[in-house]
Amino acid sequence: MALEPFAQSVALTLGVELELQLVNLSDFDLADASPDLLHLLKRQPFPGNVTPEMTESMIEINSSVHTQHHSLLAQLQDIRDTLVQAGDRLNIGICGGGTHPFQQWSSQKIFSGPRFQELSALYGYLAKQFTIFGQHVHIGCASGDDAMFLLHSLNRYVPHFIALSASSPFVQGRDTQFDSARLNSVFAFPMSGRAPFTLRWAEFSDVYFAKMAKTGIIKSMKDFYWDIRPKPEFGTIELRVCDTPLTVERAAALAAYLQALCRHLLERREEPPVEDDYLVYNYNRFQACRFGLDGAITHPKTYETMSLREDIITTLRKMAPHAEALGGSAGLQHLSDAAMNGSHAQYLRTQYQRHGSAEGMVDAAIRGFRGEAMA
Amino acid sequence: MQSLLSILADLSWPFAIAAAWVAGEFGHRWTGLPRISFYGLVGFVLAQNSIGVLPSSGSATMLLMADAAFGLILFEMGYRINLRWLRNNLWLGVTGLVEAISTFAVVYLIASQFGVTTMNALLLASLAMSSSPATVLRVINEERSSGQVTERVLHLTAINCVLAVFTFNAIVGLWIFHSSGDWLGATSSSLVVLLASAGVGALFGIVVPAMLRKLGNMTQDATVAFALSVILLVALTYSTRLSPLLATLAFGLVARHRRVAFSKTQRNFGALGELLTVLLFVFAASTMQWSTLATGTGLALLVIVARFITKVASVTAFSHVSGISWRKGVLTGIALTPVSAFIILLLEHARQSGVDLGHELSALAAMTLILEIVGPIVIQRALIWAKETQQKEPQ
């Protein structure tokens with residue numbers, strides 16, 4: 001099956017998807033609550049969109065297409081409030097975070113639906129271990145060639161998004177020492193990693209995708225679990241490395257940062273991406289997952305080692321004019337505060353210390369998602 | 001020969017419990033039905049005079065053990081009740097009240113029609129309000145179910161049990177007043193006792209978590225600490241003639257709202273809870289005699305059917321407005337059917353304070369026995385139909 005043509009979309013438009021956790025308020029474990037929650041949400045118009053996910057303890061929400069940070073944020077807050085209200089009526093806790101800190105993957109229930117059941121049959125325990133929660137950010141691209149150019153130019157900034165969104169320090173009840181342990185689960189899938197290096201849409205679509213389709217391994221773009229992948233039917237690229245942050249404010253800010261970066265890259269003043277940029281890619285990504293903002297990354301062109309936190313703060317400053325032009329300055333300010341004060345992974349660890357239990361950590365995440373102050 | 005008999009008598013309870021456990025395991029594997037149905041069946045059969053393995057009147061030690069077992073269950077139940085939910089979703093509280101009160105009314109009317117005395121009809125009606133916390137929690141844990149039917153059955157059961165305890169004790173107080181004219185004695189044996197019981201439980205709910213917090217690393221220690229506290233609380237209420245039922249429920253409720261974590265591996269209080277559950281269900285069924293049953297079955301069946309219809313209708317009526325589908329409303333109502341240990345323990349305690357109802361209310365005994373065995377199956381089906389149970393992994 002040939003890949004569909006790359007749909008036109010307005011350049012630099014924004015959209016966000018968030019996978020959220022549904023939690024039992026008695027023991028703070030994941031709860032198989034999505035059928036009930038979706039039933040209730042269906043009764044009234046939903047701001048944006050809500051869909052079931054792989055297991056019944058998660059739901060996915062997505063925003064509409066936006067051009068500016070503030071309208072995206074307003075919609076995400078609206079969605080958040082609607083969800084929280086429904087959760088209150090059904091005694092379900094809803095929260096962000098890339099992993100649930102102590103759920104046992106073996107006790108997850110796969111949502112009934114042909115695609116989910118099929119994936120479950122293929123991947124076995126990987127499918128249940130995939131009970132992880134990510135944020136995806138879409139950026140509109142004027143053409144397929146722009147999409148491929150952005151996709152590869154962003155390689156150097158992928159660690160920024162991992163570190164800024166990291167919120168999955170615990171897995172199965174243990175501190176993993178990673179800030180984003182979630183991505184380790186993604187890497188287990190055979191089709192994860194990065195897109196092949198080609199800057200032209202025609203080459204990607206007619207050569208690479210056509211060959212892969214012929215092998216029979218791939219049926220659609222959905223079968224690739226890449227860090228960034230093109231989404232031809234929307235005319236966007238989709239950044240998939242972020243953990244779902246604890247708050248929708250952080251989620252909107254990350255989208256604003258990506259939007260500003262893309263505007264900057266499209267000016268094509270930076271050295272163009274080359275295949276060799278990826279020599280340092282996996283290691284940088286590991287540093288960001290493992291140490292978060294405290295990681296050290298290697299510049300793909302100069303091979304200089306830099307503090308990830310400093311690189312983020314410098315880049316945020318450099319993007320300020322773009323953010324201003326796009327109306328995203330508030331988002332960048334939010335992230336620069338986060339880079340200084342610590343990520344959500346760090347916040348969760350502090351909560352663990354304070355409450356003495358992983359359950360207390362989930363409770364804090366639920367409060368954070370509701371918009372309560374995170375002290 | 002004499003010594004052999006006394007050895008056999010000593011062995012009777014351990015034997016009955018082991019037999020019930022074996023029956024439960026095999027029965028569950030072969031039929032998929034809940035284990036506790038088999039425990040009850042074995043207890044009932046072994047306790048019959050004609051078979052005579054178990055003494056027909058429960059010993060004091062066994063009652064204490066059963067109370068401890070039930071205390072653990074009520075604590076866990078209380079721990080899973082979220083009072084904030086009742087505030088966020090007022091219709092849920094309304095459902096609970098309407099469901100319990102209309103059950104009371106319907107059962108009272110039927111019993112009066114059958115010529116049961118007013119007092120007995122009131123007592124029967126008050127007990128019929130309650131669902132069985134033990135059966136409900138046990139089946140939910142066995143099926144590892146989660147969803148709205150599961151959550152609502154837990155909350156509605158807690159509500160109707162509390163209402164049943166209060167109504168029952170109020171009526172017993174009234175009875176004492178009528179028969180002795182002792183106004184003070186009547187009040188103290190009902191309201192004061194209940195409030196004191198809840199108070200002691202609440203005190204435990206504050207002190208125990210605070211102590212655990214001091215110890216640190218509570219996720220590992222909480223199970224044993226809570227189990228020991230529950231057993232202590234039961235023993236304490238026992239010797240002071242307070243209600244262990246209300247005390248342990250209040251303990252769980254307050255402990256939950258003090259927010260000390262309690263991890264999932266400790267559901268059912270692990271192996272200790274399993275063991276005591278077998279004992280509880282065997283004991284509960286062993287208090288029933290076939291002869292009492294036979295006389296009360298007609299009215300019992302009628303009450304069971306009327307109670308079932310009333311509960312299903314009331315819960316369903318408020319299902320849409322409280323945020324679930326009609327279908328789940330019906331299933332929640334069905335899942336409220338079980339009756340068991342709760343009533344038996346209430347009756348045993350009433351007997352201890354000099355009010356013997358068991359023999360006068362043969363219909364109640366019959367209803368309890370029938371639902372002790374059928375009830376678990378009914379709630380299990382409701383949870384399966386609601387698709388809230390865990391699917392069995394393909395082997």
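Visitor: In this predicted model, which residue follows α10(A) with a positive phi?

Guide: Helix α10 of chain A spans residues 281-291, and the model in which it is described is a predicted one. The residue that comes after α10(A) has a positive phi, near 60 degrees, and that residue is Gly292(A).

Visitor: Which elements of chain A are included in what covers the buried residues of α10(A)?

Guide: The buried residues of this helix are Asn284(A), Arg285(A), Gln287(A), Ala288(A) and Cys289(A). What covers them includes three helices and a strand of chain A, namely α6 (158-165), α7 (182-187), α11 (308-326) and β12 (296-298).

Visitor: Is Pro272(A), in the loop between α9 and α10 of chain A, buried or exposed?

Guide: Pro272(A) belongs to the loop that joins α9 to α10 in chain A, and its C-alpha atom is separated by 7.0 Å from that of Ser153(A), a residue 119 positions away along the chain. Around Pro272(A) there are 11 other C-beta atoms within 10 Å, and a residue with 12 or fewer is classed as exposed. Pro272(A) is therefore exposed.

Visitor: How is α9(A) oriented relative to α12(A), roughly parallel or roughly perpendicular?

Guide: Helix α9 (residues 248-266) and helix α12 (residues 329-341) of chain A pack with their axes 8 Å apart and at an angle of about 110 degrees. Because angles of 65 to 115 degrees count as roughly perpendicular, α9(A) is, relative to α12(A), roughly perpendicular.

Visitor: How many charged residues does the contact of α9(A) with α12(A) have?

Guide: In this left-handed crossing of α9(A) and α12(A), residues of α9(A) including Glu249(A), Arg250(A) and Tyr257(A) meet residues of α12(A) including Leu332(A), His334(A) and Leu335(A). By class, the contact has eight nonpolar and two polar residues, and the number of charged residues is two.

Visitor: Is Leu30(A), in the loop between β1 and α1 of chain A, buried or exposed?

Guide: Leu30(A) is placed in the loop between β1 (14-24) and α1 (34-41) of chain A, where, leaving aside neighbours within four places in sequence, its contacts are Gln21(A), Leu22(A), Val23(A), Ser57(A), His100(A) and Gln103(A). The count of C-beta neighbours inside 10 Å is 27 for Leu30(A), and the class of buried residues begins at 20. Leu30(A) therefore counts as buried.

Visitor: Which helix of chain B gives the most to the largest nonpolar core?

Guide: The largest nonpolar core has 128 residues, and those with the most contacts inside it are Leu124(B), Leu127(B), Leu280(B) and Val282(B). The element of chain B that gives the most to this core, with 15 residues, is the helix spanning residues 148-180, α8. Apart from it lies another core, of 102 residues, among them Leu20(A), Leu76(A), Met319(A) and Leu332(A), but the helix asked for is α8 of chain B.

Visitor: How many of the 11 residues of α6(B) are buried?

Guide: Helix α6 of chain B, residues 118-128, is mostly covered. The buried residues of α6(B) include Leu124(B) and Leu127(B), which are also among the residues with the most contacts inside the largest nonpolar core. Of the 11 residues in this helix, the number buried is eight.

Visitor: Are α2(B) and α12(B) oblique or parallel to each other?

Guide: The axes of helix α2 (residues 35-47) and helix α12 (residues 270-286) of chain B come within 7 Å and cross at roughly 45 degrees, in a right-handed crossing. The contact includes Tyr39(B), Val42(B) and Gly43(B) of α2(B) and Val282(B) of α12(B), and its residues divide into 12 nonpolar, four polar and no charged. Since angles under 35 degrees count as roughly parallel, a crossing at roughly 45 degrees makes α2(B) and α12(B) oblique.

Visitor: Which class, exposed or partly exposed, does Arg241(B) fall into?

Guide: Arg241(B) is found in the loop between α10 (218-239) and α11 (244-257) of chain B, and has a positive phi of about 65 degrees although it is not a glycine. There are 13 C-beta neighbours inside 10 Å of Arg241(B), whereas an exposed residue has 12 or fewer. Arg241(B) therefore counts as partly exposed.

Note on methods
Residues are numbered from 1 along each chain as its sequence is written. Chains are lettered from A and ligands numbered from 1 in the order in which they are written. This is a predicted model: local features need pLDDT of at least 70, side-chain atom pairs count only at pLDDT 80 or more; totals for chains, interfaces and linings use all residues. Helices (H or I, at least four residues) and strands (E, at least two) are DSSP runs, numbered from the N terminus. Two residues are in contact if their C-beta atoms, placed from the backbone, lie within 7 Å. A nonpolar core is a set of buried Ala, Val, Leu, Ile, Met, Phe, Trp, Tyr and Cys residues joined through C-beta atoms within 7 Å. Axes are lines fitted to C-alpha atoms, for helices over the stretch in contact, and angles run from 0 to 180 degrees between N-to-C directions. Angles under 35 degrees count as roughly parallel, over 145 as roughly antiparallel, 65 to 115 as roughly perpendicular and the rest as oblique. A crossing is left-handed if the near helix is turned anticlockwise from the far one by less than a right angle, and right-handed if clockwise. Ala, Val, Leu, Ile, Met, Phe, Trp, Tyr, Cys and Pro count as nonpolar, Asp, Glu, Lys and Arg as charged, and the others, Gly among them, as polar.
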